[in-house]
Amino acid sequence: MKIQLEVNNASIAYGDKEVVNRVSFTLQEGDIGSLLGPSGCGKTSLLRSIAGFEPLSKGEINLQGCCVAKPGYMVAPEKRRVGMVFQDFALYPHLTVADNVIFGLRGETKKQRSERLNELLQLVDLQHVAHHYPHQLSGGQQQRVALVRAMAPRPDILLLDEPFSGLDVELREQLAREVRDILKRDNITAVLVTHDQLEAFAMADFIGVLGEGRLRQWATGYDLYHKPADPFVADFIGQGVMLAGTVTGANRVDTALGMVEGSLSANVADGDRIKLLLRPDDLLHDDDSPLQLEVVDKAFRGAEYLYTLKLSDGSHVMCLVQSHHDHAIGRSIGVRVHADHLVTFPAD
Amino acid sequence: MQSDSLELKIKTAFQRPAFNFLSFGVVALCLLMALPVMVIVGYIFVPAGDVWQHLADTVLKDYVSNSLLLMLGVAIGVLVLGVGAAWQTSMCDFPGRKIFEWALLLPMAMPAYIIAYTYTGLFDFAGPLQTLIREMTGLGYGEYWFPEIRSVEGAAIMLSLVLYPYVYLLTRAAFLSQSICVLDVSRTLGNGPWRTFFTVALPLARPAIIAGLSLALMETLADYGTVQYFGVSTFTTGIFRTWFGLDNSAAAAQLSAMLLLFVFILVMLERISRRQAKYHHTSQRHQAIVRFKLSGLRGVAAFSFCFVVLFLGFLLPAGQLLYWALTTAEESLDLDFLILVWNSLKLAGLAAILALCLALFLGYANRLQNGWLVKTAVRVAGMGYAVPGTVIAVGVIIPFAAFDNAVDAWMDETFGLPTGLLLSGTLVALLFAYLVRFLAVALQTVEAGLGRIRPSMDEAARSMGCKSQEIIRRVHIPMLKGSLLTALLLVFVDVLKELPATLILRPFNFNTLAVRAYELASDERLADASYAALTIVVAGILPVILLSRSITRSRHEDTT
């Protein structure tokens with residue numbers, strides 16, 4: 001495997017304001033990475049600097065081992081062999097779907113072009129609209145045209161800037177999986193920018209969570225959820241609450257929920273005051289449990305109810321329960337903690 | 001790859017704001033475009049001697065009161081015609097509605113001075129109507145009452161008939177973009193169509209109505225041909241008289257400055273209401289409008305209203321012109337007329353091309369360099385549309401004549417070669433005045449076109465390996481083509497119709513269609529003026545077609 005993209009200590013500044021601060025990550029050939037974060041976290045600026053539209057103030061970016069950007073130096077976007085899919089798709093309204101797709105092809109013969117066009121349209125199942133204009137297509141179709149247009153010149157890396165945000169919610173996850181299949185089939189290296197974690201989970205092999213310009217964690221979706229590196233990631237990914245507690249002996253934490261047992265990481269010691277992350281799926285419903293908590297709120301999710309429960313000290317925890325267990329607000333239900341691995345952060 | 005770094009360094013240095021060649025060029029151009037207005041405003045402080053006192057004692061009161069009266073009359077006229085027609089064609093359904101939708105724009109093609117003299121021909125003592133009355137009743141001169149068309153009221157009616165489309169267009173757009181739900185809510189709360197109109201639709205459309213009204217009033221203030229022909233003393237005729245009759249440029253400039261003050265108030269009014277209009281949309285999504293079906297008498301009433309407006313504003317005067325043209329075809333269609341047409345085409349074509357080039361320069365400068373300096377400069381360069389042609393002409397001729405005199409004196413002194421008039425009295429001065437007045441028209445169209453090319457489209461092209469020239473060739477030119485042609489056409493037709501500035505600034509013995517039509521009409525040779533007038537009207541129909549096409553297109557997009 002060779003390294004396709006290497007971002008090394010990259011910073012981006014607008015005037016005095018640094019919007020991206022010393023970010024580093026690498027992508028192997030064929031990997032799909034995602035930059036995930038709330039709006040204003042710098043993820044789009046970072047993507048645009050990989051594409052060549054933003055200069056770096058510190059650090060460097062290497063594509064296929066060649067430096068394409070460092071402070072005071074940047075290779076023009078048209079010479080980087082990157083493909084980019086824009087949030088608004090940026091399809092050319094004066095060109096047909098076919099002409100849009102072959103826009104970036106140069107140097108090929110007419111025959112090669114039409115072969116590539118057919119191959120790409122087949123890939124996204126759009127042969128029947130080849131001669132339509134973009135405004136005649138649905139949002140999902142436009143999105144796929146934008147995708148194959150960026151793929152057509154066989155770029156070294158494909159960049160996607162919130163490519164699903166303009167689409168209906170129901171379409172997004174399905175399209176994200178479709179796009180992943182297409183990219184994987186052609187072994188294309190890609191970076192996806194999004195604020196939607198489900199999109200990132202559906203598409204990416206590795207996800208970088210950005211907060212306030214810093215890369216908080218670069219990991220798989222599973223690890224982000226189960227082993228968040230800091231409270232920001234823990235809060236941003238999935239749902240959960242932080243419970244104040246004290247480490248009491250090996251693998252035991254004393255909290256308002258009682259004694260919680262599970263493996264602790266090595267860097268906490270007996271007697272440390274910590275915050276314990278509890279996900280809704282860490283609490284199991286059990287009518288026979290001695291731990292009975294009052295329901296203060298509940299949200300119907302179809303298969304499950306998400307209950308908000310009140311602890312004796314007034315703090316809340318959340319619990320996912322199969323929806324045939326319908327308990328009224330104000331009643332108490334029995335729960336027990338079931339967590340193998342305890343995620344803790346130092347108390348403030 | 002190292003070579004790119006240099007290119008980039010140059011580019012980033014160029015993009016650093018503050019000062020560079022691009023913004024320097026934009027600011028210089030904008031100052032040039034603002035020159036006439038600055039000259040006029042500067043003249044406020046130049047003493048005009050006793051002429052001013054004389055004006056103040058005698059005619060100034062008339063200028064002010066007539067201008068105000070005219071504005072009041074036109075305001076009432078365009079509001080009734082414009083809002084009424086807009087409501088009926090956008091919210092109601094009656095026989096012929098689809099045709100009226102675009103046909104009601106046709107009076108825009110009719111310059112006010114042309115409709116004024118056709119009506120004079122129709123309603124004058126010797127006109128067909130009064131002749132008919134005399135024949136039927138046997139009464140003679142002075143024995144019956146007939147409204148005098150050549151009066152302030154007459155001028156107000158003439159101007160209303162051709163200026164109401166401004167109100168009609170903007171109000172109609174406002175009605176169509178109003179969330180239909182708002183109207184439905186009113187109906188479900190028990191209000192009938194009339195109550196809904198007065199309590200919901202009209203207040204919601206108010207900013208658009210006021211914006212249209214201020215545009216119509218700006219045109220009213222700028223009008224010279226109609227009021228001059230009707231013998232109504234207003235600011236514009238006063239400026240002419242002071243300039244040519246009293247030969248006092250300072251007093252003429254000061255009258256212009258007073259007129260500018262009126263215009264300024266209208267511009268502010270328009271700006272403010274346009275800004276409010278943005279906030280008056282309570283919801284983004286709107287379904288297709290369910291129109292009130294008007295049948296029976298109510299349908300007849302709606303049809304009659306729209307038909308009478310269209311008939312009086314376009315069909316009748318155009319028919320009269322056509323009739324005159326047919327009866328005078330033999331003597332009018334001669335070489336002189338062809339020269340006239342060629343002069344007008346040449347002038348309008350040149351002005352249109354120049355305006356387009358400047359608009360493209362300003363539009364791209366604004367796109368490349370989004371600083372406040374360039375933005376303000378571009379706005380200033382686009383302000384000329386509000387300034388009456390008479391005022392611009394005075395503001396052009398004063399500095400140009402001063403320049404000519406200075407150059408002439410210097411050349412004579414140093415080389416013994418007097419140069420005479422270099423700029424004033426030439427086509428240069430005339431073209432400059434046209435650019436000041438109509439650059440805004442081209443700029444607006446070009447900027448709308450450029451706005452459709454989103455920055456991401458440029459970036460997509462670059463990421464697919466296109467250099468700047470290639471992006472211009474493959475993306476910008478094909479996408480802008482339509483806007484550029486529209487801009488050309490709009491400026492072309494506006495220049496063709498322009499009268500007062502042409503009258504003041506044209507070179508000696510240089511005639512255009514507008515000037516000739518006006519001159520012949522002033523000499524009471526109404527029928528002889530018809531060919532020139534008809535040519536202007538026919539050319540004026542082209543932008544109306546464009547406008548109505550863009551209206552139908554936007555409605556199409558609504559329904560898909």
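Start by selecting Val101(A): is this residue buried or exposed? Val101(A) counts as buried because 28 C-beta neighbours lie inside 10 Å, and the cut-off for that label is 20 or more. Keep in mind as you look around that this is a predicted model.

Colour helix 2 of chain A, residues 97-101, and you will find Val101(A) in it. Now show the residues that Val101(A) touches, leaving aside its neighbours within four places in sequence: Leu117(A), Leu120(A), Leu121(A), Val145(A), Val148(A), Arg149(A) and Ala152(A). If you would like to try the distance tool, pick the C-alpha atoms of Val101(A) and Arg113(A). These two residues are 12 apart along the chain, and their C-alpha atoms are separated by 9.8 Å.

**Next stop: the sheet**

Select strands 7, 8, 9, 3, 10 and 11 of chain A. In that order, these six strands form an open sheet with mixed pairing. Which strands stand at the edges? They are strand 7 and strand 11 (214-219) of chain A; each has a single partner strand, so one side of each is left without a neighbour in the sheet. Turn the view slowly and look for the twist, which averages 20° from one strand to the next.

As a little background, strands of a sheet pair through backbone hydrogen bonds, either parallel or antiparallel.

Zoom in on strand 8 of chain A, residues 157-161. Strand 8 runs parallel to strand 9 of chain A (residues 190-194), and four bridges join the two. Strand 8 of chain A also runs parallel to strand 7 of chain A, again with four bridges between them. A good residue to click here is Leu158(A). Its bridge partner in strand 9 of chain A is Ala190(A), while Gly83(A) stands opposite Leu158(A) in strand 8 of chain A.

Add helix 4 of chain A, residues 139-151, to your selection. Helix 4 packs on the sheet and touches strand 7 and strand 8 of chain A. The direction of helix 4 makes about 170° with that of strand 7 of chain A.

Now show the side chains of strand 7 of chain A. Which way do they point? Val82(A) and Met84(A) point one way, Gly83(A) and Val85(A) point the other way, and all are buried.

**Over to chain B**

Bring chain B into view. Here 23 residues of chain A are in contact with 19 residues of chain B. On the chain A side, strand 6 (73-74) and strand 7 (82-85) each supply at least two residues. The largest share, three residues, comes from strand 7 of chain A. Try colouring this side of chain A by residue type: it divides into 16 nonpolar, three polar and four charged residues.

**Zoom out**

Hide chain B and look at chain A as a whole. Its C-alpha atoms fill a box of roughly 75 × 45 × 35 Å along the principal axes. Chain A has eight helices and 21 strands, and 41% of its 348 residues count as buried.

For a last selection, colour residues 3-235 of chain A as domain 1 and residues 240-346 as domain 2. How many Å separate the centres of the two domains of chain A? Taken over C-alpha atoms, the separation is 38 Å. Where the domains meet, five residues of domain 1 are in contact with five residues of domain 2 in chain A. The residues on the domain 1 side are three nonpolar, one polar and one charged.

Definitions and conventions:
Residues are numbered from 1 along each chain as its sequence is written. Chains are lettered from A and ligands numbered from 1 in the order in which they are written. This is a predicted model: local features need pLDDT of at least 70, side-chain atom pairs count only at pLDDT 80 or more; totals for chains, interfaces and linings use all residues. Two residues are in contact if their C-beta atoms, placed from the backbone, lie within 7 Å. Ala, Val, Leu, Ile, Met, Phe, Trp, Tyr, Cys and Pro count as nonpolar, Asp, Glu, Lys and Arg as charged, and the others, Gly among them, as polar. A residue is buried if 20 or more other C-beta atoms lie within 10 Å of its own, exposed if 12 or fewer, and partly exposed in between; C-beta atoms are placed from the backbone. Domain bounds come from an automatic or database domain assignment. Two strands pair if DSSP finds at least two bridges between them. Axes are lines fitted to C-alpha atoms, for helices over the stretch in contact, and angles run from 0 to 180 degrees between N-to-C directions.
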